[in-house]
Amino acid sequence: QVQLVESGGGLVQAGGSLRLSCAVSGRTFSRYAMGWFRQAPGNEREFVAAITRSGGSTYYADSVKGRFTISKDNTKNTVYLQMNTLKPEDTAVYYCAASQTWEGIVPPKAPGGSDYWGQGTQVTVSS
């Protein structure tokens, strides 16, 4: 069983930065492609960013490209989401996910194709 625990959310002013972390339990962290998703009230959960098992390749939603950076440290079993130049429309609960396949962590199969999920962390950006 794989468990994911997010941290690092909070309240920030527009233009500010936050770094989210997702700690993954288990010895098989390097076998999973990892992703970040978000869900605002009244909206469906949407894809934000993904990274391959090795960390060598990344993929971003157009809405965050150039502002957010996903990375992973296989020695610490942790995936990160650095969020810069935050906007009020970035306000949402952010979820970390793991998938045994790349197709399961990126659209169109994601988010339904992902295997494991964290509990989420709230990010609120004030204007």
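Reader: What do buried, exposed and partly exposed stand for?

Author: Buried means under 20% relative accessible area, exposed means over 50%, and partly exposed lies in between. Take Glu46 as a case. At 35% relative accessibility, Glu46 counts as partly exposed. Keep in mind that this is a predicted model.

Reader: Which residue forms a salt bridge with Glu46?

Author: The general idea comes first. Side chains of opposite charge can pair when their charged atoms come close. Here, Glu46 pairs with Arg38. Their closest N and O atoms are 2.6 Å apart.

Reader: Is Arg38 buried or exposed?

Author: Arg38 is buried, because its relative accessible area is 6%, and buried means under 20%.

Reader: Which residue forms a salt bridge with Arg38 from a distant part of the chain?

Author: Asp90 does. The closest N and O atoms of Asp90 and Arg38 are 2.9 Å apart. Asp90 sits in the loop between β8 (78–83) and β9. Arg38 belongs to strand β4 (residues 33–39). The two residues are 52 apart in the chain. Both Asp90 and Arg38 are buried.

Reader: Which residues are linked in a network of salt bridges?

Author: Arg38, Glu46, Arg67 and Asp90 are.

Reader: How many salt bridges does the count come to?

Author: The count is 4. One of them joins Lys65 to Asp62. There the closest N and O atoms are 3.1 Å apart. Asp62 is exposed, with a relative accessible area of 66%.

Reader: Let us turn to disulfides. How many does the structure hold?

Author: A disulfide is a covalent bond between the sulfur atoms of two cysteines. This structure holds 1. The bond runs from Cys22 to Cys96, with an S to S distance of 2.2 Å.

Reader: Which parts of the chain does the pair tie together?

Author: Cys22 lies in strand β3 (residues 18–24). Cys96 lies in strand β9 (residues 92–99). The pair therefore ties together parts that are 74 residues apart in sequence.

Reader: Why is the disulfide left-handed?

Author: Look at the torsion about the S-S bond. For Cys22 and Cys96 that torsion is about -80°, so the disulfide is left-handed.

Reader: Are the two cysteines buried or exposed?

Author: Cys22 is buried, with a relative accessible area of 0%. Cys96 is buried too, at 0%.

Reader: Why is β3 largely enclosed by the rest of the structure?

Author: Count its buried residues. In β3, 5 of the 7 residues are buried, so the rest of the structure largely encloses this strand.

Reader: In what order do the strands of the open sheet run?

Author: Read from strand to strand. The order is β1-β3-β8-β7, which makes 4 strands with antiparallel pairing. The edge strands are β1 (4–7) and β7 (68–73). Each of these pairs on one side only. From one strand to the next, the twist averages 15°.

Reader: How many bridges join β1 to β3?

Author: There are 4, and the two strands run antiparallel. Leu4 has Val24 in β3 as its bridge partner. Ser7 stands opposite Ser21 in β3.

Reader: Over how many bridges do β3 and β8 pair?

Author: They pair over 6 bridges, in the antiparallel sense. Ser21 stands opposite Tyr80 in β8. Ser21 thus appears in both pairings, facing Ser7 and Tyr80.

Reader: Now the rings. How many aromatic pairs does a search of the whole structure find?

Author: The search finds 5. One aromatic pair is Tyr32 with Tyr116. Planes over 60 degrees apart count as edge-to-face. The planes of Tyr32 and Tyr116 are 80° apart, and the pair is edge-to-face. Their rings lie 5.9 Å centre to centre.

Reader: Where do Tyr32 and Tyr116 lie?

Author: Tyr32 is in the loop between β3 and β4. Tyr116 is in strand β10 (residues 116–117). The pair therefore ties together parts 84 residues apart in sequence. Tyr32 counts as buried, at 8% relative accessibility.

Reader: Which residues form one aromatic cluster?

Author: Phe37, Phe47, Tyr59, Tyr95 and Trp117 do.

Reader: Which charged end sits over the ring of Trp117?

Author: That of Arg45, 4.8 Å from the ring centre. Another case is Lys72, which lies over the face of Phe29. Lys72 is 4.5 Å from that ring centre.

Note on methods: Residues numbered from 1 in each chain as written. Predicted model: local features only at pLDDT ≥ 70, side-chain atom pairs only at ≥ 80, totals over all residues. Heavy atoms only, no water. Disulfide = S-S within 2.5 Å. Buried < 20%, exposed > 50% of the residue type's maximum accessible area, 1.4 Å probe, protein only. Salt bridge = Lys/Arg side-chain N within 4 Å of Asp/Glu carboxyl O. Pairing = 2+ DSSP bridges. Axes fitted to C-alpha atoms, helices over the stretch in contact; angles between N-to-C directions. Phe/Tyr/Trp six-rings, centres within 6.5 Å; stacked < 30°, edge-to-face > 60°. Lys NZ or Arg CZ within 6 Å of the ring centre and 35° of its normal.
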